[in-house]
Amino acid sequence: MADLIATNAMPGNSNWREAIEPLTEQERTEIEHLASHYPRPQAATIEALKVVQANDGWVSDGKLKAIADQLDMSPDEVDSVATFYNKIYRKPVGKRVVTICDSVSCWIMGYDELRQKLCDHLGIPLGGTTTDGEITLLPTPCLGACDRAPTAMIGEKLEGPITADELIAQVEKARGGQS
Ligand code: FES
């Protein structure tokens, strides 16, 4: 999901700090507090990314570099954590994120139909955001609920087993702010 970050963030380029997008005072304080719970500040990387995402809705390259600077890491190290954790968004997303599980159980139980019908309904490909900025649609690896395949998540709410028509109805409900 995440893009590679800009080349000026690569190891050996000492100028990457020039592209930092400063954290807010509140973000810096919050991250400092979280890092104080660990022997090494680097252990708070995921939490620091979540702090920024909670404020901005996603994590820009500039903010990622600011986190790296605060936690005494390289941008690449922070980016590899962000990439591994699929709930950290490295591009702007819509107000609500819908994810469809594309791992094996869900794939066998109807992933293709869920994806195709929802993409057609929303008029966007997987990875896209609706023109009204309401919904971003993303794939996700196994959600740990294979017995409920096929599964999807609307925000933090797990749905499954679910049909394509039921998923469309739930997404429209969320879009209207009813869940
Ligand atoms: S494969 Fe989809 S929840 Fe496990």
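**Figure 1. Seven helices and four strands make up the elements of the protein chain.** In this predicted model, a walk from the N terminus passes the elements in the order α-α-α-α-β-α-α-β-β-β-α. Four helices therefore come before the opening strand in that order, given how helices and strands are assigned and numbered from the N terminus. Taken along the principal axes, the C-alpha atoms fill a box of roughly 50 × 35 × 30 Å.

**Figure 2. The protein chain is assigned two domains, domain 1 and domain 2.** Domain 1 covers residues 7-84, and domain 2 covers residues 96-175. How many Å separate their centres, taken over C-alpha atoms? The separation is 30 Å. The views that follow begin with helix pairs and then turn to the sheet.

**Figure 3. Helices α1 and α2 cross at roughly 155°.** Here we see α1, residues 25-35, beside α2, residues 45-56. Their axes come within 9 Å. Are the two helices roughly parallel or roughly antiparallel? An angle over 145 degrees counts as roughly antiparallel, so α1 and α2 are roughly antiparallel to each other. Their crossing is right-handed. On the α1 side, the contact is made by Glu-27, Glu-30, Ile-31 and Leu-34; on the α2 side, Glu-47, Ala-48, Val-51, Val-52 and Asn-55 take part. Sorted by class, the residues of this contact are five nonpolar, one polar and three charged.

**Figure 4. Helices α2 and α4 pack at an angle of about 80°.** Helix α2 appears again, this time with α4, and the two axes are 10 Å apart. The angle makes α2 roughly perpendicular to α4. Look for Thr-45, Ile-46 and Leu-49 of α2, which form the contact together with Val-78, Val-81 and Ala-82 of α4. Five nonpolar residues and one polar residue make up this contact, with no charged residues.

**Figure 5. Helices α3 and α4 cross at roughly 115°.** This view pairs α3, residues 61-70, with α4, residues 75-84. The axes come within 8 Å, and the angle makes α3 roughly perpendicular to α4. The crossing of α3 and α4 is right-handed. Leu-64, Lys-65, Ile-67 and Ala-68 in α3 meet a group in α4 made up of Pro-75, Glu-77, Val-78, Asp-79 and Ala-82. Six residues of this contact are nonpolar and three are charged, with no polar ones. In the loop between α3 and α4 you will find Asp-72. Its phi is near 60°, a positive value in a residue other than glycine.

**Figure 6. Four strands form an open sheet in the order β2-β1-β3-β4.** Strands of a sheet pair through backbone hydrogen bonds, in either a parallel or an antiparallel sense. The pairing in this sheet is mixed. Which strands sit at the edges? They are β2 (135-140) and β4 (157-159), each pairing on one side only. From one strand to the next, the twist averages 25°. Helix α7, residues 164-175, packs on the sheet and touches β1, β2, β3 and β4. The direction of α7 makes about 15° with that of β3.

**Figure 7. Strand β1 pairs with β2 in the parallel sense and with β3 in the antiparallel sense.** Strand β1 spans residues 96-101, and six bridges link β1 with β2. Arg-96 has Ile-135 in β2 as its bridge partner. Between β1 and β3 there are three bridges. Thr-99 is a handy landmark: Thr-99 stands opposite Leu-138 in β2 and also opposite Met-153 in β3.

**Figure 8. Cis peptide bonds lead into Pro-150 and Pro-161.** The bond from Ala-149 to Pro-150 is cis, with omega near 0°. To find Pro-150, look in the loop between β2 and β3. Gly-160 and Pro-161 are likewise joined by a cis peptide bond, where omega is about -5°. Pro-161 has its place in the loop between β4 and α7.

Technical notes: Residues numbered from 1 in each chain as written. Predicted model: local features only at pLDDT ≥ 70, side-chain atom pairs only at ≥ 80, totals over all residues. Domains from an automatic or database assignment. Axes fitted to C-alpha atoms, helices over the stretch in contact; angles between N-to-C directions. Parallel < 35°, antiparallel > 145°, perpendicular 65-115°, else oblique. Left-handed = near helix turned anticlockwise from the far one by under 90°. Contact = placed C-beta atoms within 7 Å. Nonpolar A, V, L, I, M, F, W, Y, C, P; charged D, E, K, R; others polar. Pairing = 2+ DSSP bridges.
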